[in-house]
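Welcome! Please open the model below in your viewer, and let us walk through it one selection at a time.

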Amino acid sequence: MDTPFVYGKLAVGKNFTDRETEKNQLIRNFLSGTNTILISPRRWGKSSLVLKAASEINSKENNLMIVFIDLFNIRNEEDFYKALAENVIRASSSRLEEVVSNVKQFMKQWVPRITFSPDSQQEFSLGLNWNELKKQPDEILDLAENIARSKEQKMVICVDEFQNIAFFEDPLAVQKKLRSHWQTHQSVSYCLYGSKRHMLMEVFTSSSMPFYKFGDLLFLSKIAVNFWIPFIMERFRSTGKAISAKQAEKIAVLVEGHPYYVQQLAQLVWLRTNKAVSGNIIDQAMEGLVLQISLLFQGITESLTTSQISFLKMLVDGEKRYSTGENIHKYNLGSSANVIRIKKSLIAKEIIDEQSNGLIILDPVYSSWLRKYYFK
Ligand SMILES: Nc1ncnc2c1ncn2[C@@H]1O[C@H](COP(=O)(O)OP(=O)(O)OP(=O)(O)O)[C@@H](O)[C@H]1O
Ligand SMILES: [Mg+2]
């Protein structure tokens, strides 16, 4: 039997819950040609959300082409241009012949060799001296706009894991090039999303940076417990198993509404359940989850300094006054300047993050492990 929960893959269809407000805003932006920047910590559901908004538009609107580019394994400018060109051509060509004619019509300065994959008619790659092209990428950067205009359509280009441009040799120069072209586009808008909040904030909100005020800035939050309760109950019911509202709530609360972990923990509970969730199945499942990742947590903790660990202890204890004399003394943090340094370094390591209600430990299971096993 298929298991009813999904994690580590994009949540689509019935595996997707909530996010109405964010989804509608994305849809509005896509339809009105407004650029969007979407930021959240890892595994909170950015990619699933953008895909959801896109597929809802696709089912109604056929005057809008949506292009996806994932920078996940792209580490340099050349590969970025290659991915951009290939994905734009792919999204705007429904048939094989169209790939060829679009390439002919729109890639005049840089004429690529097209290689089709033997297994799939839709798959192809463009052969070019991308290193040479890098010196003059204008045609590629305007490719989407030129195609959209000539077809009298609109286009949205969604760039996932956008923070990876930081790996490029000269990220600032690339940003300048992208911005100078993209801001002139009338028929194409952009949705740029990723998880390194600090780096992305710098790129999009610092007035000295090329992408300053490029579009709407959207911060995704976790999913509230009251959405998880009916979701979890329904997923159990759909496989002939039962879980009460209270139990479903407990699952969501234990992992603080973290989308990936709620699905994972629910799955572990589901696997241990015969007909109805009973006894301390949920606690056992949570313990199983913590232990399953404990080796990784051990490794993370060993890589930290003593004062970084003390700082985490302070967060685990629920302290909000991070740099009072009393806490600096109690947790042996040295000085308030040192507290700022520690905070910065833990944020850079993506272990903690600043939210509207203070600092949080990003991984709720790590937080649980620290409390139950490490600081015990
Ligand atoms: N709307 C949702 N409803 C239910 N589960 C969700 C939802 N969004 C995300 N999830 C869960 O969270 C997991 C991670 O989602 P997704 O890959 O979309 O996040 P992400 O923010 O893009 O992560 P990353 O930063 O690693 O790319 C999914 O596999 C799924 O288990
Ligand atoms: Mg993602």
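## First stop: a helix pair

Begin by selecting Ile251, Ala252 and Leu254 in H11, which meet Val262, Leu265, Ala266 and Val269 in H12. By class, the residues of this contact between H11 and H12 are 7 nonpolar, no polar and no charged.

Before you go further, please keep in mind that this is a predicted model.

Now widen the selection to the whole helices: H11 covers residues 245–254 and H12 covers residues 259–272. Their axes lie 9 Å apart, and the two helices pack at an angle of about 135°. H11 is therefore oblique to H12. Turn the view a little and you can follow the crossing, in which H11 passes H12 in a right-handed manner.

## Second stop: around ligand 1

Stay with H12 and add ligand 1 to the display. Which helices each supply at least two residues of the shell around ligand 1? They are helix H2 (46–60) and H12.

Next, show the shell itself, which has 23 residues around ligand 1. Tyr7, Gly45, Ser47, Ser48 and Pro259 come nearest to the ligand, so to speak the ones to label, among those 23. Colour the shell by class and you will find 8 nonpolar, 9 polar and 6 charged residues.

## Third stop: another helix pair

Select helix H14 (residues 306–316) together with helix H16 (residues 336–348). Their axes cross at roughly 85° and come within 10 Å. H14 and H16 are therefore roughly perpendicular to each other.

To see where they meet, show the side chains of Ser307, Gln308 and Phe311 on H14, and those of Asn338, Ile342, Ser345 and Leu346 on H16. This contact of H14 with H16 is made up of 3 nonpolar, 4 polar and no charged residues.

## Fourth stop: two strand residues

Move on to Asp216, which you will find in strand E7 (residues 216–219). Is Asp216 buried or partly exposed? Asp216 counts as partly exposed, because it has 14 C-beta neighbours inside 10 Å. Leaving aside residues up to four places away in sequence, Asp216 touches Asn29, Thr34, Asn35, Thr36 and Ile37.

Pick Ile37 from that list and draw a distance between the two C-alpha atoms. Asp216 and Ile37 are 5.9 Å apart in space, C-alpha to C-alpha, with their places 179 residues apart in sequence.

Ile37 sits in strand E1 (residues 36–39). With 22 other C-beta atoms within 10 Å, Ile37 is buried. What does Ile37 touch, not counting residues up to four places away in sequence? Its contacts are Leu192, Tyr193, Phe204, Phe214, Gly215, Asp216, Leu217 and Leu218.

For one more distance, select Gln292 along with Ile37: the two are 255 residues apart in sequence and 34 Å apart in space, C-alpha to C-alpha.

## Last stop: the whole view

Finally, zoom out and show the protein as a cartoon. There are 17 helices and 9 strands to look through. The C-alpha trace spans about 65 × 55 × 35 Å along its principal axes.

Colouring by burial gives another view: of the 376 residues of the protein, 37% count as buried. Contacts can be followed in the full view too. Among the contacts with a separation of 6 or more, 68% are between residues 24 or more positions apart. The pair Asp216 and Ile37, 179 residues apart in sequence, is one you have already visited.

Definitions and conventions
Residues are numbered from 1 along each chain as its sequence is written. Chains are lettered from A and ligands numbered from 1 in the order in which they are written. This is a predicted model: local features need pLDDT of at least 70, side-chain atom pairs count only at pLDDT 80 or more; totals for chains, interfaces and linings use all residues. Helices (H or I, at least four residues) and strands (E, at least two) are DSSP runs, numbered from the N terminus. A residue is buried if 20 or more other C-beta atoms lie within 10 Å of its own, exposed if 12 or fewer, and partly exposed in between; C-beta atoms are placed from the backbone. Two residues are in contact if their C-beta atoms, placed from the backbone, lie within 7 Å. Axes are lines fitted to C-alpha atoms, for helices over the stretch in contact, and angles run from 0 to 180 degrees between N-to-C directions. Angles under 35 degrees count as roughly parallel, over 145 as roughly antiparallel, 65 to 115 as roughly perpendicular and the rest as oblique. A crossing is left-handed if the near helix is turned anticlockwise from the far one by less than a right angle, and right-handed if clockwise. Ala, Val, Leu, Ile, Met, Phe, Trp, Tyr, Cys and Pro count as nonpolar, Asp, Glu, Lys and Arg as charged, and the others, Gly among them, as polar. A residue is near a molecule or strand if its C-beta atom, placed from the backbone, lies within 6 Å of it.
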